[in-house]
Amino acid sequence: MMWKKYQSIPLIYKMIAGMLAGIFAGWLMGAGTELFAPLGKFFLTCLKCIAMPLVIVNLIAGISNLDNPESFGRIGIRIILYYILTSAAAMIVGFGVATLIKPGINLPLTGTYKGVVGEIPTIGSTLLALVPSNIFKAMMEGRFDQVVIVSAVTGVSLLMMPDAPRKRLTTLFQDLSDLMNQLVHIIMILAPYGIFALVAQSVGKYGSAIFGTLAKYIGSVYLGIFIMCCLYALMVFVFTGIRPGEFFRKASRIMVTAFSTCSSTSSIPINMECAESLGAPKKVYSFTIPLGAQINKDGTCVCLTTVFIMTAQAIGVSVDVGLMLKVLVIGLILTTGSGAVPSGMLVILAILLESLGFPLEIVGLVAGVHAFNDMGMTMINCLGDLSGTIIVGHKEKQHAV
């Protein structure tokens, strides 16, 4: 009887309950939440396991439903333009929030950074890095950017085939897509428990820092994240007519999943389901969601410019418009071309600060709370992918009429 009652509760309510319970457990137990680590890791591993085959079959199945290769080109141009514009907006939001809150005033730069500082990737190296020399190696290494490119070319090639083999292959990939989606539904049974474990771990490990020296920095990042969420909802309403309440209600699953897993690629299956529930065509979301997971880093953009302003405030450097524009350009290159950077957010930050002649010890300082900030950053990365997909999908529907 109790089990049937539990099954009747919508999944999103269970996920939110798991997240809230995780926050409470982390606050109560502190480091003791490591007890839940295996459960959180198991859930995350299951999502990662299904993400790669799901992207491949959904992308090929989606493109095979297009009328012609020109449709694919139109979708690609629109979504890439959207990702660039929202990344620029996120950097501007980071500038504004950090300037207002002033997280760098009286900040002691006591950390150290021992990582390797790379170089700003060129446009040529970024484009070359998208083409794998071995597709199986790219799959083994989890290079979603390269897999997306090969899958997209495969889908376009399928469009150019004669009708008979094209229909057979389209049916095959559509059936495989349905199979992958069913596997996602099975994995999501674990979602409330996995989310509980992951959130409990993060709060238990980093909770004390939230109220310490870096509280204003964390607050600045999360205020920027909140502003970006509002911007996405506004854009979706302006371009599609979907009201913010409906947008956030149907997007809540990806928001909770991305926040708890800190992984855009692991969240791809859930983001695709949210895109479908908001009316995006499969031919659009099967391409734009995996692509966005690789190149759309709005959360990183907010964090980069926040740390830049914080560092400038800490060392007493005045920031003029020219310096802001320089940071904007370098930041866009680094985040969009992050496939060419050998590590993640902290290395990207180190490259930016090194190129400006700023002290790198700030990287060591913010590294201590990066995992906590990464939860919110991943959430807006995925929400940005979703909003762009809905907008481009709506435009495609209008074009088809």
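Thr 306 lies in helix α14, which spans residues 298-315. The model is predicted, and this residue is a convenient place to enter it. Thr 306 is buried, because its relative accessible area is 0%, and the cut-off for buried is under 20%. Leaving out residues up to four places away in sequence, Thr 306 touches Gly 94, Ala 98, Tyr 217, Ser 220 and Val 221.

Follow the contact to Tyr 217. Beyond its neighbours within four places in sequence, Tyr 217 is in contact with Thr 306 and with Cys 303, Val 307 and Met 310. Helix α14 covers residues 298-315. The list for Tyr 217 also includes Pro 103, and further along the chain Val 366, Val 369 and Asn 373.

Tyr 217 also leads into the largest nonpolar core. This core has 123 residues. Tyr 217, Phe 247, Phe 287, Ile 362 and Leu 386 touch the most other members. The biggest contribution comes from helix α3, residues 37-64, with 14 residues.

Now step back to the whole chain. The fold has 18 helices and zero strands. Of its 401 residues, 54% count as buried. Take the contacts with a separation of 6 or more: 84% of them join residues 24 or more positions apart. The accessible surface comes to about 17700 Å². Carbon and sulfur atoms account for 69% of that surface.

The record adds another layer. An unreviewed UniProt entry lists "transmembrane region" for residues 12-30, 42-63, 75-101, 113-132, 182-200 and 221-242. Two of these spans can be compared with the model. Residues 42-63 are 100% helix and 0% strand, and their end C-alpha atoms lie 32 Å apart. Helix α3, the main contributor to the core, runs over residues 37-64. Residues 182-200 are 84% helix and 0% strand. Here the end C-alpha atoms lie 28 Å apart.

Finally, turn to the surface. Leu 172, Leu 176, Leu 179, Leu 183, Ile 186 and Ile 189 make a nonpolar patch of about 510 Å². One of them, Leu 179, lies in helix α8, residues 163-187. Leu 179 is partly exposed, because its relative accessible area is 46%, and that class falls between 20% and 50%. Thr 306, where the route began, is buried at 0%.

Definitions and conventions: Residues are numbered from 1 along each chain as its sequence is written. This is a predicted model: local features need pLDDT of at least 70, side-chain atom pairs count only at pLDDT 80 or more; totals for chains, interfaces and linings use all residues. Side-chain values use heavy atoms; hydrogens and water are left out. A nonpolar core is a set of buried Ala, Val, Leu, Ile, Met, Phe, Trp, Tyr and Cys residues joined through side-chain atoms within 4.5 Å. Buried means under 20% relative accessible area, exposed over 50%, partly exposed in between (1.4 Å probe, protein chains only). Helices (H or I, at least four residues) and strands (E, at least two) are DSSP runs, numbered from the N terminus. Contact means heavy atoms within 4.5 Å. Patches are made of residues with over 30% relative accessible area and no salt bridge: like charges are joined within 9 Å, nonpolar side chains (Val, Leu, Ile, Met, Phe, Trp, Tyr) within 5 Å. Accessible areas come from the Shrake-Rupley method with a 1.4 Å probe; for residues, only the protein chains shown count as cover. A salt bridge is a side-chain nitrogen of Lys or Arg within 4 Å of a carboxyl oxygen of Asp or Glu. UniProt positions are given in the numbering used here, feature names are shortened, and annotations may be inferred rather than shown by experiment.
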